[in-house]
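Here are some exercises to work through with the model open on your screen. Try each task yourself before you read the solution under it.

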Amino acid sequence: MVENARDTHAIICLLSSMKRTLLAPAMFGLCLALSAMVHAQESAGIEHIPDLIYTKHDGVALTMDVFKPAHSNGAGIIKIVSGGWKSNHKGISDGGWPKAGYTTFVVVHGSQPRFQVEEIVADLNRAVRFVRANAVKYGVNPQKLGVTGSSAGGHLSLMLATRGGAGDANAADPVDRESSAVQAVACFYPPTDYLNWYAEGDNAVGIGRLAAYAAAFGPKAATEEGRAQLGRDLSPIYWVKKEQPPIYIVHGDADPQVSITQAHKFYKRCQEAGATCEVFVRQGAGHGGWREMTEDTARMVEWFDLQLLGKQPAKPFTFGVSSGPSTPMKK
């Protein structure tokens, strides 16, 4: 079995050196590319373990990649690869979290329209249970897990924050006995309320502004009653509770896809429930694509440092709503 990039690199290079065929130039090029990748990871002291299967269903195996830092801080970050509830292995990267000492679990989920949002949420709960069941194996405290994502990945992060919980003590699979709760969240521009998308009563459960995503919500979204139920079940705002993990959200106030009202309303609901939440608004920013996103990610590292490790940042968090300018990236 090929365990990691180093093994793949070794096998390809061995084959390339053993047999000079018409494929040799292509193999040699792939060898060089993999060598560069492995060298970059080794230089950073990061061990990459790809394609761990965390669940199988409907003829599909769903996987995650693990990135282990040379000097772990004992906590883990679950990074969700998702855009429009579509996920693929091309989007896999460690996100820079291992450089901060975090063992990073990069999760790929089943994509819509084959899999509906309800199923995707269930798969993410399973992924967290898998991480917790194997945390010690990867040098992570199972009670120090953070989750992050952007857009749909942010939505799924908040679903874990608000609805993650105890496993089934009687489950035959020991993984399913584990909790899917996380201890901290930091995410970009997450949807929070599908029943009030841009304004009160603006239902977007596969209709209106999200009509293009009707298949993602499934057949339930074909009726008004079904949309009302799905809207509550799949909107984190209706599951906010005091006991949920602390949440940090970064959102652009010119986002044409996910309205900034989603962040403001979610923050207000957290305040009402006595839950910890902070929102940082990027002025003039859209749905991603601003230069300061690197700074925002660094701030998220400080959020996880505080919430998971008890490390105080040089600049205290406000636990309120604040804002800063943005600079668009050139396309």
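A residue is called buried when its relative accessible area is under 20%, exposed when that area is over 50%, and partly exposed in between. Keep in mind that you are looking at a predicted model.

**Exercise 1. Find out which part of the model to leave alone.**

Start with the overall confidence: the mean pLDDT is 89, and 86% of the residues reach 70 or more. Now look for the weak stretch. Over residues 1–43 pLDDT stays under 50, and the model has 32 contacts beyond four places in sequence for them. Where pLDDT is low, the predicted coordinates should not be read in detail. So keep your hands off residues 1–43, where pLDDT stays under 50.

**Exercise 2. Get a feel for the overall build.**

Count the elements and you get eight helices and nine strands. Next comes burial: 51% of the 331 residues count as buried. Then check how far apart in sequence the contacting residues are. Taking contacts between residues at least 6 apart, 73% join residues at least 24 apart. As for the surface, the protein exposes about 15300 Å², with carbon and sulfur atoms supplying 56% of it.

**Exercise 3. Trace the sheet from edge to edge.**

Walk across the strands and you meet them in the order β1-β2-β4-β3-β5-β6-β7-β8-β9, in an open sheet with mixed pairing. The ends of that walk are β1 (47–57) and β9 (321–325), edge strands that each pair on one side only. From one strand to the next, the twist averages 20 degrees. Now add helices. α3 (residues 117–134) packs on the sheet and touches β1, β2 (60–68), β3, β4 and β5, with its direction about 125 degrees from that of β1. α7 (residues 260–273) also packs on the sheet, where it touches β7, β8 and β9; its direction makes about 160 degrees with that of β8.

**Exercise 4. Decide whether β3 is enclosed or open, and name its partners.**

Go through β3 residue by residue: six of the six are buried, so the strand is largely enclosed by the rest of the structure. Check the faces one at a time. G76, I78 and I80 are buried on one side, and I77, K79 and V81 are buried on the other.

Now look sideways. β3 pairs with β4 (residues 103–108) in the parallel sense over six bridges, and four bridges join β3 to β5, again running parallel. I78 is a handy marker here: its bridge partner in β4 is F105, and in β5 it is V147.

**Exercise 5. Check the length of α8 and say what covers it.**

Take the 17 residues of α8 (residues 293–309). At 1.5 Å a residue they should span 24 Å, and the end C-alpha atoms are 23 Å apart, which agrees.

Then list the buried residues: M293, D296, R299, M300, V301, W303, F304, D305, L306 and L308. An α-helix has 3.6 residues a turn, so residues three or four places apart point the same way. You can see such spacings in the list, for instance M293, D296 and M300. The cover over the buried residues includes β3 (76–81), β5 (145–150), β6 (184–188), β7 (247–252) and β8 (277–283). Right after the helix comes G310, with a positive phi near 75 degrees.

**Exercise 6. Hunt for unusual backbone geometry.**

Most residues other than glycine have a negative phi, and most peptide bonds are trans. With that in mind, look at three spots.

- The peptide bond from Q112 to P113 is cis, with omega near 10 degrees. P113 sits in the loop between β4 and α3.
- Y189 isn't a glycine, yet its phi is positive at about 30 degrees. You'll find Y189 in the loop between β6 and α5. Its relative accessibility is 8%, so Y189 counts as buried.
- F319 has a positive phi too, near 55 degrees. This residue is in the loop between α8 and β9. At 35% relative accessibility, F319 counts as partly exposed.

**Exercise 7. Which residues does P190 touch?**

First place P190: it is in the loop between β6 and α5 (214–217). With a relative accessible area of 1%, P190 is buried. Leaving out residues up to four places away in sequence, P190 touches S151, G154, H155, L158, I249, H251, V258 and Q262. Finally, try a distance: P190 and G149 are 41 residues apart in sequence, and their C-alpha atoms are 8.3 Å apart in space.

Definitions and conventions:
Residues are numbered from 1 along each chain as its sequence is written. This is a predicted model: local features need pLDDT of at least 70, side-chain atom pairs count only at pLDDT 80 or more; totals for chains, interfaces and linings use all residues. Side-chain values use heavy atoms; hydrogens and water are left out. pLDDT is the predictor's confidence in each residue, from 0 to 100. Contact means heavy atoms within 4.5 Å. Helices (H or I, at least four residues) and strands (E, at least two) are DSSP runs, numbered from the N terminus. Buried means under 20% relative accessible area, exposed over 50%, partly exposed in between (1.4 Å probe, protein chains only). Accessible areas come from the Shrake-Rupley method with a 1.4 Å probe; for residues, only the protein chains shown count as cover. The expected span of a helix is 1.5 Å times one less than its number of residues. Two strands pair if DSSP finds at least two bridges between them. Axes are lines fitted to C-alpha atoms, for helices over the stretch in contact, and angles run from 0 to 180 degrees between N-to-C directions.
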